[in-house]
Amino acid sequence: MALLEVENLEVTFGLRQGAVKALRDVSFTVERGERVGIVGESGAGKSVAAFSILNLISRPGYISGGQIRFEGQDLSKLSSDAMREIRGNRIAMIFQDPMMTLNPVLTLGQQMVECLKAHRKISTQEARLIAVEKLRQVHIPSPEKRIDQYPHELSGGMRQRVIIAIALLLDPVLIIADEPTTALDVTIQAEIMELLLELCESNNVGLVLITHDLGVVSQVTQKAIVMYAGRVIEQGPTKEIINDAQHPYTQGLINALPQQTLPGQRLNQIPGSMPSLQNIPAGCAFNPRCEFVMDVCKQTLPGFTRSGGCQVACHMVREMKEKAAQEAS
Amino acid sequence: MTTPVEVLDIPTRPSAWARFKDTHLFHSFTRDKVAMVSFGLFVLYALAALFAPLIAPYNPYDPASIDIMNSELPPIWQEGADPAFLLGTDAQGRDMLSTMLYGTRISLMIGICAVMLQMFLGVLIGLSAGYFGGRVDSFLMRMADIQLSFSTMMVAIVVLAVFQAAFGAELYADLAIFMLILVIGIAEWPQYARTVRASVLAEKHKEYVDAARVMGFGSGRIMWRHILPNTLSPLLVISTVQVANAIISEASLSFLGLGMPVSQPSLGSLISSGFEYIFSGAWWITVLPGIVLVVLVLVMNLLGDWLRDVLNPKLYKG
């Protein structure tokens, strides 16, 4: 049984202008100890997907369809108390901006001890020892002293380490990291990503990494999910997706990496921008920006086609596969 | 894998006082003369109120120590004064200095207790309204609007007058202090509720609140332990002004005869009791407690102004 199974998840935001579907038909699984990357432009629904796993979408958003099963339990059927027991304890989350995620008026120790005591019946002394131990695990020097400091006394990289330590505090089996390194500068980014990778590997923790940095995805994850306008358009083993992307959108993303161009050359880009969720074009949502657009793309939504280890939602790929199959037979 | 880059020796934590001495609050305090004088005066008032029974030369509540023959003696710098009564006596022969000390004690106590009640109600209601939002918010804030549409004085006068008429002046005299605290406290909670709600609305979308929810904390804990401490600085500012307002409200009610009884005078009832003698030459019975009241309220307002400037991050000059 997979650790986390998301099946046909649909999230709707009831806005004044009408209901807007932020996620449609999103399905993926995360195995125990597996690291999965979710990639996509801003507004593709990556963060909504992450929050819906924890059942924490704030109004006017709500889960309007599909199932999220965590260790076999359907999360949407859990009482709010049972859900609270899972949050933090079994699934932890790391946020984008380390400057904002720690409460400015509480010391690190207070925040960590509080978190431990909310889920376990232990004394403050024991909780402090665990907190110091976790701070040491994330390579914070002299954690016994740091633990009594306030968040503003730490640098950005340090704070993100503390946040990772807090995420690991209760030994969760799954960590959801929502762009954990975007707010940090590049050298710190690499350090933090390596730390996260190391800790996930040594503790056999599953990781859902949400990012728009394909470089990070290729380094850290085993499986990648590419999202566009609220749908999964391609998913499969990271290596295959990076080396041999099938969907024109994924190809565009990879071509847009600065490494793909020579110095002095103009950077590649995908023309246009993502449609707003209120008026997604008929057929394939990517059709206005796709250079291989065909008539069928503007009319029907592509289903998933298997291509190697990947699943791709693209008419062109399907036709190519069909042609190849015919030729083979 | 990564190795720690910094190996810093972090000095042990300085004491709380040493840390306070380094704060922006303390620095701007030492540079602001008005704030220093106001704070000094306020401390003086607080001490005088706290130790009134020790400082006061007479006990104005003790009828045995009052001699009607000593009534309306002027303060010491005027002719016909008795050196035993430093600031003169009132119409009943009570020592003005002692009466004013006890009066300040009662006025400050009513002011501070009423504000504590306001703060309790306001924080509770404002926090719930801001955090839960939606219908709870609309309902609580309409309640606040309704409460605000009755002026404090009107509510207080109606409630106190009805109470006095219903239960008699004697029972009222015993309970006056609690009634004043209740009435002023309940009439002014919307100030706090609105301030807290506004701050909560700003705070609750910050990531640390999401992070707290992700850690599996319940609403109550997030509200009281995570959001509330981040909204305290505007509360501190309005508290100083509200204490001053509560003292004024109490004085006005006492002046109108609905506040503290003459046997247990607050500053307001002292002013009121001396008012009829002001034209017979005994001005000090009204003017001296008046000055004490005005200075007290002024000091509180100046402190509030200073706090507002210091705690406002937009005015922070480093």
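**Two domains, a sheet and a helix**

Chain A is divided into domain 1 (4–90 + 172–328) and domain 2 (100–171), with bounds from an automatic or database domain assignment. This is a predicted model, where local features need pLDDT of at least 70, side-chain atom pairs count only at pLDDT 80 or more, and totals for chains, interfaces and linings use all residues. Residues are numbered from 1 along each chain as its sequence is written, while chains are lettered from A and ligands numbered from 1 in the order written.

Student: Which helix gives the largest share of the side of domain 1 of chain A that touches domain 2 of chain A?

Tutor: Start with the contacts, meaning C-beta atoms, placed from the backbone, within 7 Å: 14 residues of domain 1 of chain A meet 14 residues of domain 2 of chain A. On the domain 1 side, seven residues come from one helix (a DSSP run of H or I, at least four residues, numbered from the N terminus). That's the largest share, and it belongs to α8 (residues 186–203) of chain A.

Student: Which are the edge strands of the open sheet β2-β1-β4-β5 (chain A)?

Tutor: Strands are DSSP runs of E, at least two residues, and two of them pair if DSSP finds at least two bridges between them. The four strands here pair antiparallel, with β1 (residues 4–15) and β2 of chain A joined over nine bridges. An edge strand pairs on one side only, and that picks out β2 (18–30) and β5 (73–74) of chain A.

Student: In β2(A), what is the bridge partner of A:L4?

Tutor: A:L4 falls in β1 (residues 4–15) of chain A, which runs antiparallel to β2(A). Its partner in β2(A) is A:V30.

Notes
Contact = placed C-beta atoms within 7 Å.
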